[in-house]
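Biologist: I am new to this structure and would like a close look at a single part of it. Could you choose one stretch, go through it carefully, and then set it in its surroundings?

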Amino acid sequence: MPNGLDIPFLIDTFFVALTGVPIAMLITIVSLLIALPLGFLLALTRINRMPILNQFSRVYVSFVRGTPVIVQIFIIYNSVPLLLGTIFEKYNINMNVYEVNPIWYAFIVFSLNTIATLIEVFRSAINTVSKGQLEAAHSVGLTTAQAFIRIIIPQTLVVALPNICNATVNLIKATSLGYAMSLPEITLKAQVAANASYNYIEAYIAIFIIYLLICSLVEYAFKRYEKRLRKYQIAPAA
Amino acid sequence: MEKYFDATYIWESIPALLPFLKVTFMVAGLSVLFGSLLGLLLAIMKLGKNKLSQQIAHGYTTVMRCTPSIVLLFLIYYGVPAIFINFGINLNDMSSAFFVVITFSLQFGALMSEVIRSAYESIDKGQYEAAVSVGLSNTQAYGRIIFPQAFVVALPNFGNALLELMKEGALAYTIGLIDVMGKANLIIAGNYNSHALEIYIGLSLIYWVLSIMIEQFFLKLEKIFSKGRKDLKTA
């Protein structure tokens with residue numbers, strides 16, 4: 001391809017790839033919805049040094065953060081059908097494991113991945129909220145659950161928000177690896193479109209723009225939300 | 001197709017994969033080298049007074065942060081030869097390692113620019129003023145006072161960036177680089193796609209151990225260097 005870009009193709013691919021955005025967003029949102037509460041709870045087990053769970057989440061975080069996402073995807077993608085196959089055989093469930101929609105694997109992989117990131121995020125965020133806050137909440141008669149929901153979590157959230165934003169952006173970027181699970185998200189759609197005519201450069205420029213737009217929007221949204229939440233943050237004692 | 005889990009494949013795959021860590025290290029090492037230089041340049045642009053270069057550097061970082069590695073990798077892999085062919089230079093026969101190093105240098109540069117910038121900004125301005133006031137030259141002040149302190153601050157972030165690079169580097173197999181990940185895929189293809197799970201588990205163990213080693217190394221390093229810092233403070 002010695003001459004310039006095929007602009008009409010670029011524009012076409014842009015819109016083809018846009019149809020992959022809902023799937024990428026769906027995976028991102030479902031993974032976050034699963035990972036936020038679990039990450040918070042597991043962060044608490046780390047802080048309170050609960051036996052077994054503490055060690056478990058430590059090893060878990062270390063493993064997930066120490067291995068590439070693509071390897072995790074391949075592990076889940078290869079192991080879950082094996083497990084399900086055994087279970088289905090045992091209970092005589094007549095269902096083909098190889099017909100499961102790959103989006104389920106994506107939910108599993110990206111949730112597991114995000115949980116690990118968020119454990120660390122919440123752990124450092126909870127540590128910034130002083131212990132006196134919980135004691136003060138108890139002393140005015142709130143139960144522990146109330147204290148957490150009304151006092152601790154709002155304060156933690158303010159501190160954690162920039163890091164949650166980072167985790168979200170990373171998650172959106174990671175969904176581009178869904179192609180390994182033949183998931184029809186942004187990258188795979190563009191690749192398929194490019195395969196027909198070998199216009200790879202145009203296809204990748206198109207999705208490059210799409211990811212740029214999505215991530216900028218997400219960052220902007222988080223900045224707005226952070227500003228709103230800042231109201232609740234107590235100014236550090238002078 | 002016979003499909004059952006056989007743990008012996010895990011142990012057999014590890015020695016087969018380990019020699020290919022060389023390629024992973026080489027690519028990562030070169031990317032760190034070039035990326036750090038780029039990062040330094042970007043950090044200088046960000047900290048400088050020129051508004052335009054500030055904006056360019058910030059814009060570059062944002063773009064890099066928003067682009068998935070795989071997209072950047074393919075963009076470089078297809079885009080760079082296409083650009084160079086207009087100047088009559090044929091890069092189509094270049095080794096894929098070349099494109100991998102370009103990609104991850106660009107990415108690592110963006111990460112490093114933030115690491116360097118935040119480390120520099122964490123050093124109190126008074127340090128520089130004090131250094132100059134006792135008669136050190138500009139270079140001496142930076143070389144002896146600012147840099148050693150900023151280095152300690154940057155160390156953990158540099159370690160994190162390095163880990164990130166190692167992990168993202170696994171994607172290089174998509175353009176045909178035979179590193180540990182590429183080799184794992186070759187082994188699996190050689191097995192007619194059976195026992196993929198065991199080999200990926202073996203691969204993940206290699207990465208895991210590697211990450212823990214890097215992490216521990218940087219923790220040790222940090223301890224060694226921050227000891228010196230405390231002594232300075234009390235003195």
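Modeller: The account below begins with one helix and then moves outward to its surroundings.

This is a predicted model, in which local features need pLDDT of at least 70 and side-chain atom pairs count only at pLDDT 80 or more, while totals for chains, interfaces and linings use all residues. Residues are numbered from 1 along each chain as its sequence is written, and chains are lettered from A and ligands numbered from 1 in the order in which they are written.

The part I have chosen is helix H2 of chain A, which runs over residues 21-47; helices here are DSSP runs of H or I with at least four residues, strands are runs of E with at least two, and both are numbered from the N terminus. The expected span of a helix is 1.5 Å times one less than its number of residues, so the 27 residues of H2(A) should span 39 Å, and the 37 Å between its end C-alpha atoms agrees with this. H2(A) nevertheless bends by about 30° at Ala35(A), with a proline, Pro37(A), following within four residues; the bend at a residue is the angle between axes fitted to the seven residues ending there and the seven starting there.

Ala35(A) is also one of the buried residues of H2(A), among them Ala24(A), Ile27(A), Thr28(A), Ser31(A), Gly39(A), Phe40(A) and Arg46(A). A residue is called buried if 20 or more other C-beta atoms lie within 10 Å of its own, exposed if 12 or fewer do, and partly exposed in between, with C-beta atoms placed from the backbone. The cover over these buried residues includes helices H3 (53-66), H5 (102-128), H7 (144-174) and H8 (186-197) of chain A.

After H2(A) comes Arg49(A), which lies in the loop between H2 and H3 of chain A. Its phi is near 50°, a positive value in a residue other than glycine, and Arg49(A) is exposed because 9 other C-beta atoms lie within 10 Å. Ser182(A), in the loop between H7 and H8 of chain A, likewise has a positive phi, about 45°, although it is not a glycine. Ser182(A) counts as exposed because it has 10 C-beta neighbours inside 10 Å.

Moving out to the whole chain, the domain assignment gives chain A a domain 1 (1-20 + 184-232) and a domain 2 (21-183); such bounds come from an automatic or database domain assignment. The centres of the two domains, taken over C-alpha atoms, are separated by 26 Å. Their contact takes 20 residues from domain 1 of chain A and 18 residues from domain 2 of chain A, two residues being in contact if their C-beta atoms, placed from the backbone, lie within 7 Å. On the side of domain 1 that touches domain 2, H8 and H9 of chain A each supply at least two residues, and the largest share, eleven residues, comes from H9(A).

Chain A also touches chain B, in a contact that takes 29 residues from each of the two chains. On the chain A side, H3, H4 (69-90), H7 and H9 (200-230) each supply at least two residues, and H9(A) gives the most, with ten. By class, this side has 20 nonpolar, eight polar and one charged residues; Ala, Val, Leu, Ile, Met, Phe, Trp, Tyr, Cys and Pro count as nonpolar, Asp, Glu, Lys and Arg as charged, and the others, Gly among them, as polar.

Ile75(A), in helix H4 of chain A, gives a single-residue view of the two chains together. Leaving aside neighbours within four places in sequence, Ile75(A) is in contact with Leu197(B), Tyr200(B), Ile201(B) and Ser204(B). Ile75(A) counts as partly exposed, because it has 18 C-beta neighbours inside 10 Å. In space, Ile75(A) and Ile201(A) are 30 Å apart, C-alpha to C-alpha, with their positions 126 residues apart in sequence.

The partner, chain B, has nine helices and zero strands, and its C-alpha trace spans about 75 × 50 × 25 Å along the principal axes. Of its 235 residues, 37% are buried. A UniProt annotation from an unreviewed entry, "domain: ABC transmembrane type-1", covers residues 21-218 of chain B; UniProt positions are given in the numbering used here, feature names are shortened, and annotations may be inferred rather than shown by experiment. Over those residues chain B is 81% helix and 0% strand, and the end C-alpha atoms are 20 Å apart.
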